[in-house]
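Subject: Structure handover

Hello,

Here is the structure for your work. My notes follow below it.

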Amino acid sequence: MKPSLFAHPFASYCQKVLIALYENGTDFTYRKFGPEDPAALSELETLWPLKKFPVLLDEGRTYVESSIIIEHHHRASVAASSRSSSTHSL
Ligand SMILES: N[C@@H](CCC(=O)N[C@@H](CS)C(=O)NCC(=O)O)C(=O)O
């Protein structure tokens, strides 16, 4: 299942994470706060009661703090690419 990013496009910490995800071509669900996704803000509150954003939900785990999200994303993509290269070498 692809990760979900709870974020707002005008928030600088969210832009920092969005740049990393877009640069890497990552497939993710963008839970953008606004009228098009009215549940996003209440779900954010259940994930992180401080209601700060961005928040990433990946494989049932919640990641907060933009730098930690980017670090997690980097590790997850390195692990995925090493899994895929070991499959190709079989
Ligand atoms: N240190 C956090 C900062 C997160 C943060 O302050 N985000 C702002 C938006 S850019 C926010 O949640 N503002 C709303 C609030 O503080 O209640 C990070 O790096 O993600």
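Start with A7. Leaving aside its neighbours within four places in sequence, A7 is in contact with C14, V17, L18, K32, F53 and P54. Keep in mind that this is a predicted model.

A7 also belongs to the largest nonpolar core. That core has twelve residues. Among A7's contacts, C14, V17 and F53 sit in the core too. The other core members are L5, F6, L21, L44, V55, L56, Y63 and I69. Three elements give two or more residues each to this core: β1 (4-7), α1 and β3 (55-58).

Now the ligand. Which residues surround it? The shell consists of A11, S12, Y13, C14, K51, K52, F53, P54, E65, S66 and S67. Two elements supply two or more residues each, namely α1 (12-23) and α3 (66-88). The largest share is from α1, with three residues. By class, five shell residues are nonpolar, three are polar and three are charged.

Some names recur. C14 and F53 appear in the shell around the ligand and in the largest nonpolar core. Both are contacts of A7 as well. P54 is another contact of A7, and P54 is also part of the shell.

On to the overall fold. The protein has three helices and four strands. From the N terminus on, the elements run β-α-β-α-β-β-α.

The four strands form an open sheet in the order β2-β1-β3-β4, and the pairing is mixed. The edge strands are β2 (29-32) and β4 (61-64), each of which pairs on one side only. From one strand to the next, the twist averages 20°.

How do β1 and β3 run, parallel or antiparallel? They run antiparallel, joined by three bridges. Within this part of the sheet, S4 stands opposite L57 in β3. Helix α2 (residues 40-47) packs on the sheet and touches β1, β2, β3 and β4. The direction of α2 makes about 105° with that of β1.

Last, some whole-chain numbers for your setup. The C-alpha atoms fill a box of roughly 45 × 25 × 25 Å, taken along the principal axes. The protein has 90 residues, and buried residues make up 18% of them. Take the contacts between residues at least 6 apart in sequence: 56% of these join residues at least 24 apart.

Best regards

Key:
Residues are numbered from 1 along each chain as its sequence is written. This is a predicted model: local features need pLDDT of at least 70, side-chain atom pairs count only at pLDDT 80 or more; totals for chains, interfaces and linings use all residues. A residue is near a molecule or strand if its C-beta atom, placed from the backbone, lies within 6 Å of it. Ala, Val, Leu, Ile, Met, Phe, Trp, Tyr, Cys and Pro count as nonpolar, Asp, Glu, Lys and Arg as charged, and the others, Gly among them, as polar. A nonpolar core is a set of buried Ala, Val, Leu, Ile, Met, Phe, Trp, Tyr and Cys residues joined through C-beta atoms within 7 Å. A residue is buried if 20 or more other C-beta atoms lie within 10 Å of its own, exposed if 12 or fewer, and partly exposed in between; C-beta atoms are placed from the backbone. Two residues are in contact if their C-beta atoms, placed from the backbone, lie within 7 Å. Two strands pair if DSSP finds at least two bridges between them. Axes are lines fitted to C-alpha atoms, for helices over the stretch in contact, and angles run from 0 to 180 degrees between N-to-C directions.
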